[in-house]
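Reader: I have not looked at this structure before. Please take me through some of its side chains and their partners.

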Amino acid sequence: MNKNAIVTGANGNLGKAVVNKLLSAGFQVIGTVHNDQPTDQSEEHPKFEKYKLDVTDEQATQQFVNYAVNKFENIHYAALLVGGFGMNSFEDTTLGEVHNMFKLNFESAFITSQALYKQMKQQSSGGKITFIGAKPALEKGASKGLTAYALSKSLIFKLAEHINAEGNEHRIYASVIVPSIIDTPFNREGMPDAEFSKWVSPDQIGDISAFLAEDISTPLRDPIIKVYGDS
C-alpha cells in the first residue's frame with residue numbers, strides 16, 4: 001500500500017528536510033508552498049509534487065485537501081510546518097502583532113488540520129498529524145521578549161489535545177514536535193555569536209517527523225516531543 005503525506009511550508013528550511021526524509025522513507029508527498037521558491041532537489045523526485053497554497057485561506061485549503069484525496073485516495077500523514085516568528089516584550093507588543101502571529105501560527109494549523117481531520121475520519125486507517133510547537137510556549141520563563149509568538153504557539157498544544165480527544169476512536173493521532181533553536185541561515189544571521197553546534201538541525205527534526213509518520217509510532221498517545229539539543 002502506498003504511503004501518502006502532506007507537508008505544508010515545504011520550501012522552508014525545515015520543510016525541505018521533512019520532505020526529503022519522508023521521500024527517503026517511501027512516502028508520496030505533496031508539499032505546499034506560499035511562493036515559487038524551489039523546494040530543493042525533492043522537486044525532481046518522482047514521488048513529490050509542489051502545490052501553491054495560502055494555508056490561512058480556508059476555502060483554498062479545503063480545495064487542496066480534496067485535490068490530495070483525489071490523487072492519493074488516502075492521506076496517512078501530515079506535517080504542518082507553516083508559521084512565523086516575532087520578537088517583542090509584553091509592554092511593546094501590539095494587538096496587530098498578536099493577530100499576525102495568531103494567523104500564521106494557529107489559524108494556519110487549525111484550518112489545515114480541520115480539513116485533514118474530516119478526511120481522515122472517513123479513512124478506516126485514520127491518520128496522523130504533526131504540528132511544530134515552540135519551547136517559549138511550553139517552558140516557564142522562556143517566553144520573555146517573545147510575547148505574541150509564544151501566545152500563538154501555545155494554542156498548538158491545545159489544538160493537538162482536542163484532535164486526540166475527539167480523534168482517538170477514529171485512529172486519528174496528533175503530535176507536537178517542540179524545537180528549541182533550529183539551525184537555519186536566518187537564525188545564524190540573527191544570532192551570530194551563538195554556539196550553533198548546540199542547536200537542533202532541520203534534518204534531526206525531519207527524522208523525528210518521519211518516525212511519527214510510520215506505523216511504529218502508532219502506540220504513542222498525546223506525544224509532545226522536546227527537541228532542544230543543548231540549547
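Author: The questions below deal with a predicted model, taking charged pairs, aromatic rings and single residues in turn.

Reader: How many salt bridges are there in the model?
Author: Side chains of opposite charge can pair when their charged atoms come close. The cut-off used here is a nitrogen of Lys or Arg within 4 Å of a carboxyl oxygen of Asp or Glu. By this rule the number of salt bridges is 7.

Reader: How many residues apart in sequence are the parts that K3 and E214 tie together?
Author: K3 and E214 form a salt bridge, with 3.1 Å between the closest N and O atoms. K3 is partly exposed at 25% relative accessibility, and E214 is partly exposed at 22%. K3 belongs to strand β1 and E214 to the loop between α7 and β7, so the pair ties together parts whose separation in sequence is 211 residues.

Reader: Which strand holds E49, the salt-bridge partner of K71?
Author: The side chains of K71 and E49 meet at 3.2 Å, N to O. K71, in helix α2, and E49 are 22 residues apart, and the pair links distant parts of the chain. K71 has a relative accessible area of 45% and is partly exposed. The strand that holds E49 is β3.

Reader: What separates K158 and E161 along helix α5?
Author: K158 and E161 form a salt bridge of 3.0 Å, N to O. K158 is partly exposed at 39% relative accessibility, as is E161 at 42%. Because K158 and E161 are 3 residues apart in helix α5, what separates them is about one helical turn.

Reader: Is the aromatic pair of F102 and F106 stacked, edge-to-face or tilted?
Author: By the rule for rings, the model has 6 aromatic pairs. F102 and F106 form one of these pairs, with ring centres 5.1 Å apart and 50° between the planes. Planes under 30 degrees apart would count as stacked and over 60 as edge-to-face. The pair is therefore tilted.

Reader: Which of F102 and F106 counts as buried?
Author: F102 and F106 are 4 residues apart in helix α3, about one helical turn. Buried means under 20% relative accessible area. F102 has 30% relative accessibility and is partly exposed. At 15%, the residue that counts as buried is F106.

Reader: Which residue forms one aromatic cluster with Y51 and F64?
Author: The cluster is made of aromatic residues, Y51 and F64 among them. Its remaining member is Y67.

Reader: Which residue joins its side chain to that of D183 in a polar contact of 2.6 Å?
Author: D183 sits in the loop between β6 and α6. D183 is buried, because its relative accessible area of 19% is under the 20% limit. Leaving aside neighbours within four places in sequence, the contacts of D183 include F196, W199 and P202. The polar contact of 2.6 Å is with the side chain of R188.

Reader: What is the area of the nonpolar surface patch that includes F85?
Author: F85 is in the loop between β4 and α3, and is partly exposed at 44% relative accessibility. M87 and F186 make the patch together with F85. The area of this patch is about 390 Å².

Reader: How far apart in space are Q62 and A210?
Author: Q62 lies in helix α2 and is partly exposed, with a relative accessible area of 28%. In sequence, Q62 and A210 are 148 residues apart. In space, C-alpha to C-alpha, the distance is 24 Å.

Methods:
Residues numbered from 1 in each chain as written. Predicted model: local features only at pLDDT ≥ 70, side-chain atom pairs only at ≥ 80, totals over all residues. Heavy atoms only, no water. Helix = DSSP H or I, 4+ residues; strand = E, 2+ residues; numbered from the N terminus. Buried < 20%, exposed > 50% of the residue type's maximum accessible area, 1.4 Å probe, protein only. Polar contact = N/O pair within 3.5 Å; in protein donor to acceptor, adjacent residues only side chain to side chain. Contact = heavy atoms within 4.5 Å. Patch = residues over 30% accessible without salt bridge, like charges linked within 9 Å, V, L, I, M, F, W, Y side chains within 5 Å. Areas by Shrake-Rupley, 256 points an atom, 1.4 Å probe, with all protein chains shown as cover. Phe/Tyr/Trp six-rings, centres within 6.5 Å; stacked < 30°, edge-to-face > 60°.
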